[in-house]
Amino acid sequence: MMAFTVKMINGLEPKSSGPYRISDELVPGLNIQISPGGNKAWTLRYRDERGKRKYLKLGQWPALGIAAARDKAREKKTGIANGENPRARPKADASTVKQLIDAYMASKTEAKSYKLMKSYRKKVPAWFEKKLACDVTIDDCHEVLRPIAKATPTMANRVLTYLRTIWNFGIDVEYDLTRDRDLSFGVKDNPLRNIKPISAAERPAEVRLTMENLAAAWTHIPEYNSPVTWLAIRFHIAMYGRRVKDTLYTRWEEIIDVDGITCISLPEGRTKSGKPQIIPLTRHALEVLDEVHDYTSHQECVFPQRTGTKTPLSLIALGAAARKVREDHPEMGDFSPRYCRACAVTELGNYGIDRHLIDLAHQRHIKTVSGIGTKAYDRAHRVRELKVVADAWDEILCDALRGYSDRAIPAVNNHEDWAPTQNKDTIRVQ
């Protein structure tokens, strides 16, 4: 034990046998530790509540000088004497709601999701963002949501979901061992977990398509539309309720083979979950690809616009195409591509497909107790699971089309703008 000086500390040499410590005689418990690599760090020796000896790192030499190290050691020793945990994160270091939201926003890579998050954030008052995230109470949340609910109840539900997701993000960061341990917001509980949305503000879609509506659309959609447009709609109908963008924005390079099954390899930038996905194709979808291949095989997109080979058809174009046909064929009901999803969920369930498989096929978020439900599956095994759903939808669609077979399928109007290419190669049908 000796009184530390700059000259003495600089003269301490490392030992190959391992780290060693030199104690300060002016502040009992203060040590300087020298590692075999020559690094020197200040440590404080203390005993925890069980009487076990421990060492607390105070800082590096020479960044933390002798006088500063002694002051910090005395401060820590006073706190320990008062029953404080020297390793606890100071409350001043806890993150504010603003910092928590900023971190969550930075994790959103999809442009659409980020834009929605910004619109919801505008509804959050400044005083709320200045509070420490760990100090937010359910009363604070009610004070934020009630004024929104009086003006626009639906928006209040959206902001509630937005804030609840942000707090869950903070909790996941706290307990996820795979994340950077320096990233912590001090959030242990979700203050919004017991706040219920306004049920009257959530109006489910009033359109309920039947398989007869889908069969009528499949049959009559070619009547007034260019080949690429009606083939895009048929392709979407054939894809067992996938999101319209998942099917409409497909590129030829994304058609791949996985374990003998033809699939779409959906990149992470186009998925709602932000993770790449593999989507098995149905037999009907493969037949549609064979037809459209004659028109667009020389272009990047499977269903491109006329004005640009790199730009896919828009959702507005498909909706307009469906409206034109519905006027002359009321048996289509209120058919629109975006309503196929709910119809597929109902029909697949009636067919006997397990709801877990349906959610898996539609890429709804599935999370097991361990939290790794959708992160680590064998790729080929996952595709074979989803192929069960694809095959079931083929059977359902076949039955619907056979029931509608008494209506003649009209001749297709091949517009000059979409003249077939010379390449007659076809997509392999299983």
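Here is a walk through this predicted model, from a hairpin at the start of the chain to a set of paired strands further along.

Let's begin with strand 1, which covers residues 20-23. Side chains in a regular strand alternate between the two faces of the sheet. You can look for that pattern here: Tyr20 and Ile22 make up the covered face of strand 1, while Arg21 and Ser23 sit on the uncovered one. The partner is strand 2, residues 30-34, and the two strands pair antiparallel through four bridges. If you want a landmark, find Ile22 and look across to Ile32 in strand 2, which stands opposite. Six residues separate the two strands of this hairpin, and Gly29 in the turn has a positive phi of about 100°.

Move along to strand 4, residues 53-60, where you'll find Arg53. Which residues gather with Arg53 in a patch of positive charge on the surface? They are Arg45, Arg47 and Lys77. As for Arg53, its relative accessibility is 48%, so it counts as partly exposed, a class that runs between 20% and 50%.

Now for the helices. Helix 3 (97-106) and helix 4 (111-121) are linked by a loop, and Ser107 has its place there. Ser107 is partly exposed, because its relative accessible area is 37% and the buried class stops under 20%. Try picking out Phe169 from here: 62 residues separate Ser107 and Phe169 in sequence, and their C-alpha atoms are 9.8 Å apart in space.

Helix 8, residues 211-220, gives you another kind of setting. Nine of its 10 residues are buried, so the rest of the structure largely encloses this helix. The buried residues in helix 8 include Met211, Leu214 and the run of Ala215, Ala216 and Ala217. Asn213, Thr219 and His220 are buried too, as is Trp218.

Next comes a backbone detail. Most residues other than glycine have a negative phi. Tyr240 isn't a glycine, yet it has a positive phi of about 40°. You'll find Tyr240 in the loop between helix 9 (227-238) and helix 10 (244-248). Is Tyr240 buried or exposed? It is buried, because its relative accessible area is 1% and the cut-off is under 20%.

Asp259 is another non-glycine residue with a positive phi, this time about 55°. Its home is the loop between strand 5 and strand 6. Those strands form a hairpin with two residues between them. Asp259 has a relative accessibility of 48%, so it counts as partly exposed.

From that turn, follow the chain into strand 6, residues 261-266, which is mostly covered, with five of its six residues buried. Where are the partners of strand 6? Strand 5 (residues 255-258) runs antiparallel to strand 6, and four bridges join them. Within that pairing, Asp257 has Thr262 of strand 6 as its bridge partner. Strand 6 is also joined to strand 7 (residues 277-280), again antiparallel and by four bridges. Here the pair to look for is Ser265 and Ile278, with Ile278 in strand 7 standing opposite Ser265. So, by these pairings, strand 6 is bridged to strand 5 and to strand 7.

Note on methods. Residues are numbered from 1 along each chain as its sequence is written. This is a predicted model: local features need pLDDT of at least 70, side-chain atom pairs count only at pLDDT 80 or more; totals for chains, interfaces and linings use all residues. Side-chain values use heavy atoms; hydrogens and water are left out. Buried means under 20% relative accessible area, exposed over 50%, partly exposed in between (1.4 Å probe, protein chains only). Two strands pair if DSSP finds at least two bridges between them. Patches are made of residues with over 30% relative accessible area and no salt bridge: like charges are joined within 9 Å, nonpolar side chains (Val, Leu, Ile, Met, Phe, Trp, Tyr) within 5 Å. Accessible areas come from the Shrake-Rupley method with a 1.4 Å probe; for residues, only the protein chains shown count as cover. A salt bridge is a side-chain nitrogen of Lys or Arg within 4 Å of a carboxyl oxygen of Asp or Glu. Lys and Arg count as positive and Asp and Glu as negative; His and the chain ends are not counted. The place of a charge is taken as NZ of Lys, CZ of Arg, CG of Asp or CD of Glu.
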